[in-house]
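Work through the exercises below with the sequence and the structure at hand. Try each task before reading its solution.

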Amino acid sequence: MANNRKAPAQSATPAKQPKPAITFERAKLLCPDQGKAERIAENFGLFCPDYENIRDQHSLALLNMRDGFDSALNEKATALHFQRIVGALVGSAVGAGSFYSDKVSEARTLATRTHEGGQEDEAPVGFENKARRAAEFAAEMGLQAYALLAAAHGAVDAFKDITGEEWKPYRAPAENQPLEQRALKTQLDAL
């Protein structure tokens, strides 16, 4: 009997670009700093989050979590557990910063269209125009990103206190290694 199956066609799409690492440095680049957060709050009549308090509370929360384990986790398990927790908080700040950046771009685009006559300058009475709403939403997202950056900062600080090491994002093992080599490396790392 002949095999009538065709071999799958090779896709013409380029190889996937690796995602940028989720680092605290990247979060700091994407999220507003204190000066920008204060300007946003002042110009939009919003409350500026208390960065120092948020940072301190998140650091304290992680230190309390460590104390809650007492001696249930060894050093390696403690480092892995808190690496994941800090990674989640840093990832949240990176995500919020990226979303904020997108919303700022959208607001600027709408403002440019309005200025160039592509949209009515005056909204109906009682309603704000679309560009104004987009700018206000971007401002709110900026202050949220700033608050999440503070939480990530506290978590990174606590990780150093807990483990004695700087927090680094988790990096998956190289995918080009044969499965047996990756399994052996994982087993040896566990020892």
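The exercises that follow concern a predicted model.

**Exercise 1. Overall make-up**

State how many helices and strands the protein has, and what share of its residues is buried.

Solution.
- Step 1. Count the elements: the protein has six helices and zero strands.
- Step 2. Read them in order. From the N terminus on, the run is α-α-α-α-α-α.
- Step 3. Take the burial. Of the 191 residues in the protein, 30% are buried, where buried stands for under 20% relative accessible area.
- Step 4. Turn to the contacts with a separation of 6 or more. Residues 24 or more positions apart account for 78% of them.

**Exercise 2. The largest nonpolar core**

Find which residues of the largest nonpolar core touch the most other members, and which element gives the core its largest share.

Solution.
- Step 1. The core has 37 residues, and Leu-62, Val-86 and Val-90 touch the most other members.
- Step 2. Two or more residues of this core come from each of helix H1 (24–30), helix H2 (34–44), helix H3 (51–69), helix H4 (75–115) and helix H5 (130–163).
- Step 3. H5 supplies the largest share of the core, 16 residues.
- Step 4. Follow Val-86 outward. With neighbours within four places in sequence left aside, Val-86 is in contact with Leu-62, Ala-155, Val-156, Phe-159 and Trp-167.
- Step 5. Set this beside a general tendency: in soluble globular proteins, nonpolar side chains tend to be buried together.

**Exercise 3. Helix H5 and its ends**

Compare the span of H5 with the expected span, then inspect both ends of the helix.

Solution.
- Step 1. H5 has 34 residues and reaches 49 Å from its first C-alpha to its last.
- Step 2. The expected span at 1.5 Å a residue is 50 Å, and the span of H5 is close to that.
- Step 3. At the start of H5, Asn-129 places a side-chain oxygen within 3.2 Å of the backbone nitrogen of Ala-131.
- Step 4. After H5 comes Gly-164, which has a positive phi, near 80°.

**Exercise 4. Aromatic pairs**

Work out how many aromatic pairs a search of the whole structure finds, and describe two of them.

Solution.
- Step 1. The search finds three aromatic pairs.
- Step 2. One of them joins Tyr-51 and Tyr-146: the centres are 5.2 Å apart, the angle between the planes is 40°, and the pair is tilted.
- Step 3. Tyr-51 is in helix H3 and Tyr-146 in helix H5, so this pair ties together parts 95 residues apart in sequence.
- Step 4. Check burial. Tyr-51 has a relative accessible area of 14% and is therefore buried; Tyr-146, with 3%, is buried as well.
- Step 5. The rings of Phe-99 and Phe-137 have centres 6.1 Å apart and planes at 85°, so this pair counts as edge-to-face.
- Step 6. This pair also links distant parts of the chain, with Phe-99 in helix H4 and Phe-137 in helix H5, 38 residues apart.
- Step 7. Phe-99 is partly exposed, with a relative accessible area of 35%, and Phe-137 is partly exposed at 34%.

**Exercise 5. Three residues and their contacts**

For Phe-44, Ser-59 and Lys-103, give the helix, the burial and the contacts beyond four places in sequence.

Solution.
- Step 1. Phe-44 is in helix H2 and is partly exposed, with a relative accessible area of 32%. Its contacts are Ala-135, Glu-136 and Ala-139. Phe-44 and Ala-139 are 95 residues apart in sequence, yet 7.1 Å apart in space, C-alpha to C-alpha.
- Step 2. Ser-59 belongs to helix H3 and is buried, with a relative accessible area of 11%. Ser-59 is in contact with Gly-154, Asp-157 and Ala-158.
- Step 3. Lys-103 sits in helix H4 and is buried because its relative accessible area is 16%, and the cut-off is under 20%. Lys-103 is in contact with Phe-137, Ala-138 and Met-141.

**Exercise 6. Cysteines**

State how many disulfides a search of the whole structure finds, and whether Cys-31 and Cys-48 are buried or partly exposed.

Solution.
- Step 1. The search finds zero disulfides.
- Step 2. Cys-31 has a relative accessible area of 5% and is buried.
- Step 3. Cys-48 has a relative accessible area of 22% and is partly exposed.

How values were computed: Residues are numbered from 1 along each chain as its sequence is written. This is a predicted model: local features need pLDDT of at least 70, side-chain atom pairs count only at pLDDT 80 or more; totals for chains, interfaces and linings use all residues. Side-chain values use heavy atoms; hydrogens and water are left out. A nonpolar core is a set of buried Ala, Val, Leu, Ile, Met, Phe, Trp, Tyr and Cys residues joined through side-chain atoms within 4.5 Å. Buried means under 20% relative accessible area, exposed over 50%, partly exposed in between (1.4 Å probe, protein chains only). Contact means heavy atoms within 4.5 Å. Rings of Phe, Tyr and Trp (its six-membered ring) pair if their centres lie within 6.5 Å; planes under 30 degrees apart count as stacked, over 60 as edge-to-face and the rest as tilted. The expected span of a helix is 1.5 Å times one less than its number of residues. A polar contact is a pair of N or O atoms within 3.5 Å; within protein, one must be able to donate a hydrogen and the other to accept it, and residues adjacent in sequence count only if both atoms are side-chain atoms. A disulfide is a pair of cysteine sulfur atoms within 2.5 Å.
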